[in-house]
Amino acid sequence: MSKLPRLAVVKFASCDGCQLTLLDCEDELLALGEAVHIAHFAEASSQLEEGPYDIALVEGSITTPHDVERILLLRSISRVLITIGACATSGGIQALKNFADHQEFMKAVYARPEFIQTLSTSTPISQHVKVDFELRGCPVDKVQLLEVIQAYLRGVRPKTSSESVCQPCKRRGTVCVVVVQGIPCLGPITQSGCGSICPAFDRGCYGCFGPAAATNMTSLSDNVLLPNMSPTEAGKWLRSFNGYSPVFAEESVRLWPLTLSNKSHKEGGDTK
Amino acid sequence: MDDTSPKRKIHVPILTRVEGEGALNIVLGRDSIQRVELNIYEPPRFFEAFLQGRNHNEVADITARICGICPIAYQMTAIQAMESAWGIQISESIYRLRRLMYFAEWIESHGLHIHLLHAPDFFGCASGLELAKKEPVAVQRGLKLKKIGNQVLELLGGRAIHPISLAVGGFFRLPRREELLQLVPQFEWGLEASIAMVRWIGGFAFPEFHSPTTYVALQCPQEYAIMKGVIASSDGATVDVGKYEQCFYEEHVEHSTALHAHRVGNPLPYQVGPMARVHLSFDQLSPTVRELAEEIGWTLPSFNPYHSIIARGLELVQAFQEGLDILKSFEPKVQARVAYETSEASGCSATEAPRGLIYHRYDLDQSGHVSRAKIVPPTSQNQRQIERDLVKILPSLLSETDENIARRCETVIRNYDPCISCATHFLKVRRTKGVE
């Protein structure tokens, strides 16, 4: 039996992109296979071993009664549990249904809703079990993912930044899209880690790494969003891949109040 | 069905080396196949529903999140559908750059499937990492090939997964010519390496298995079709993309959260993906690729689904060869994005995702918001064909142990590179079971 730390990669509701990030570590993958024992990684290996695991990487959000049972079990057999990506950390894009009437969503997609078993919500892992570390991003960044795995293998806290997208954006030398082009940008309130890529491509940040450690949401709305878009549009924009993270959700509801059922999702025609 | 006959139930709770979450249920009688179900239990995520009311500018970013392995397929199809709705014409240069980006996704996705997911089956290995111990040269070459696809996506799209550069009307930003030229040596290497890879694949021992099907893929006289053309079938039928919904429909079955696709008036399943493309567009492949197919002794038509790894391999060579041309010839003197007006309109598009035909349609309102969306991913179209292959192969396996049957059936499923995250999102269905 191998003495290497046992790694598990487990998926809930998600697009697979975050665990794919691990397989995208082309230069490091074979070395990783030497440094850990991959005990359970269904996308990569047919050899599925039962726990316990030393490190469990969890992708995806909790959306079914079965998911709730699975995550409780996984926590009980994992020494360290790390969530990877926006779905696992904040409920993901599918958490939009938390703002709407779930039954209406089901009917829009499936002709026979009685066949489908889902909870009415999509929730982050941390609402169900203790999480040792949350790695942000939709998708997570490859370098950060490797840093987190290595840090836990060494038993130290990972060094990932909690500054906003603006700082690396400035260091990258990108001319500010808000100041110069009047493009709305969520950079000031979004955590860095992506490389501040959107402004470098002449577009505004859309918040895929979730809220930064320190945010001034109302100031962002008043000074960056509302001069360029209606409150409804601004509220809707905050409700995306990390829309259910409390900081984004609260401001989005302030700008675009919830109404009965998902009627509000259809009121979109007021862009300035 | 004789209810008193002894039954064997084989349950594979987690399909491995596929994208997303599925299971397999088989019920066997003494000498009969009683039930075969590819059970997709990946929870649904309701994309069509929450696209309603969103600004058209968000659609590419949102639909990308249906699948982390083929986000370009979603982004490109969505953008082309909206461009079609509003009659937006993009320049040939922009079209070619988009084609390069799509090829990059094929390189990344096929590279992953060939080396880490599929090839292990031909060597009795549980994973690509295990295969790397037996076939270190091939796996290391494969990882390097796959990485080149990701490098293109990083350059053109900012990052490999959920890139951020595609826009309605073009790109948010174009690469500089020297940035593209920096990738030329990698593509020159990639072309040679992918040819060597196909020769390696050509030496595999392929199981004898014959499962006739109808292949369906885009077809275009001028090029190996990815982003334009008509929807062609190997039975000779062709339909315009705009008529897709009149010719294909989906139904909801109890054992799957993914819908099953059908052809109107034809009860038999059909197949999309690399096998379908190679069969329907063989003449549009480059001479290098066609000669390579001949060299390894692969003759068409082939209805052996295990040959899909050859088809993916040939497409990888095509991607490197054509990609190299685009890299060398692109002149970024064009406008990154053309201006357009929104209006109440409806538009659709079909493209060739790595796993096969993908179809999107959007109804848009005056202000450019989505009033209705429909998305048909490749895997919901292939599900029935996968189940059919399983029914076909099982009689030859009845004397095997349950474990061996399960293992062989998984290899059948893997031939299709199913993308289960993709398969579980959809649309309002037009018919349900039992309603004709």
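# A guided tour from surface to core

Begin by selecting E163(A), which is partly exposed, with a relative accessible area of 24%. Keep in mind throughout the tour that what you have open is a predicted model. With E163(A) still shown, add R171(A), because these two residues form a salt bridge in which the closest N and O atoms are 2.6 Å apart. R171(A) counts as exposed, since its relative accessibility is 58%.

**The surface of chain A**

Select next V175(A), V179(A) and V180(A), which together form a nonpolar patch on the surface with about 310 Å² of accessible area. V180(A) belongs to helix α8 of chain A, which covers residues 177-181, and at 57% relative accessibility V180(A) counts as exposed.

**A pair within one helix**

Now move to helix α12 of chain A, residues 246-255, where E251(A) and R254(A) are three residues apart and therefore separated by about one helical turn. These two residues form a salt bridge, and their closest N and O atoms are 2.8 Å apart. Which of the words buried, partly exposed or exposed fits E251(A)? With a relative accessible area of 5%, E251(A) is buried, whereas R254(A), at 46% relative accessibility, counts as partly exposed.

**The domains of chain A**

Colour chain A by its domain assignment, which gives domain 1 (6-154) and domain 2 (166-255). The contact takes 18 residues from domain 1 of chain A and 16 residues from domain 2 of chain A. If you place a marker at the C-alpha centre of each of these two domains, the markers will lie 25 Å apart.

**A covered helix in chain B**

Turn to chain B and select helix α2, residues 56-64, which is mostly covered, for eight of its nine residues are buried. Among the buried residues of α2(B) are H56(B), V59(B), D61(B) and I62(B). To see what surrounds them, show α11 (231-238) of chain A as well as α1 (47-51), α3 (71-85), β13 (356-364) and β14 (370-376) of chain B, since the buried residues of α2(B) pack against these elements.

Another buried residue of α2(B) is E58(B), which forms a salt bridge with R54(B), the closest N and O atoms being 2.8 Å apart. Both partners count as buried, with R54(B) at 1% relative accessibility and E58(B) at 10%. For a network of salt bridges that share partners, select D24(A), E26(A), K142(A) and K146(B). Over all chains, the count comes to 36 salt bridges.

**The nonpolar cores**

In soluble globular proteins, nonpolar side chains tend to be buried together. The largest nonpolar core here has 188 residues, and those with the most contacts inside this core are Y102(B) and Y362(B). Helix α4 of chain B, residues 92-122, gives the most to this core, namely 16 residues. The core also draws at least three residues from each of domain 1 (6-154) and domain 2 (166-255) of chain A.

Centre the view on Y102(B): which residues is Y102(B) in contact with, leaving aside its neighbours within four places in sequence? They include I72(B), A73(B), M76(B), I226(B), M227(B) and I358(B). As a last stop, select V216(B), L218(B), V241(B) and A350(B), which are among the residues of a second, separate core of 17 residues.

Technical notes:
Residues numbered from 1 in each chain as written. Chains lettered and ligands numbered in written order. Predicted model: local features only at pLDDT ≥ 70, side-chain atom pairs only at ≥ 80, totals over all residues. Heavy atoms only, no water. Patch = residues over 30% accessible without salt bridge, like charges linked within 9 Å, V, L, I, M, F, W, Y side chains within 5 Å. Areas by Shrake-Rupley, 256 points an atom, 1.4 Å probe, with all protein chains shown as cover. Salt bridge = Lys/Arg side-chain N within 4 Å of Asp/Glu carboxyl O. Helix = DSSP H or I, 4+ residues; strand = E, 2+ residues; numbered from the N terminus. Buried < 20%, exposed > 50% of the residue type's maximum accessible area, 1.4 Å probe, protein only. Core = buried A, V, L, I, M, F, W, Y, C linked by side-chain atoms within 4.5 Å. Domains from an automatic or database assignment. Contact = heavy atoms within 4.5 Å.
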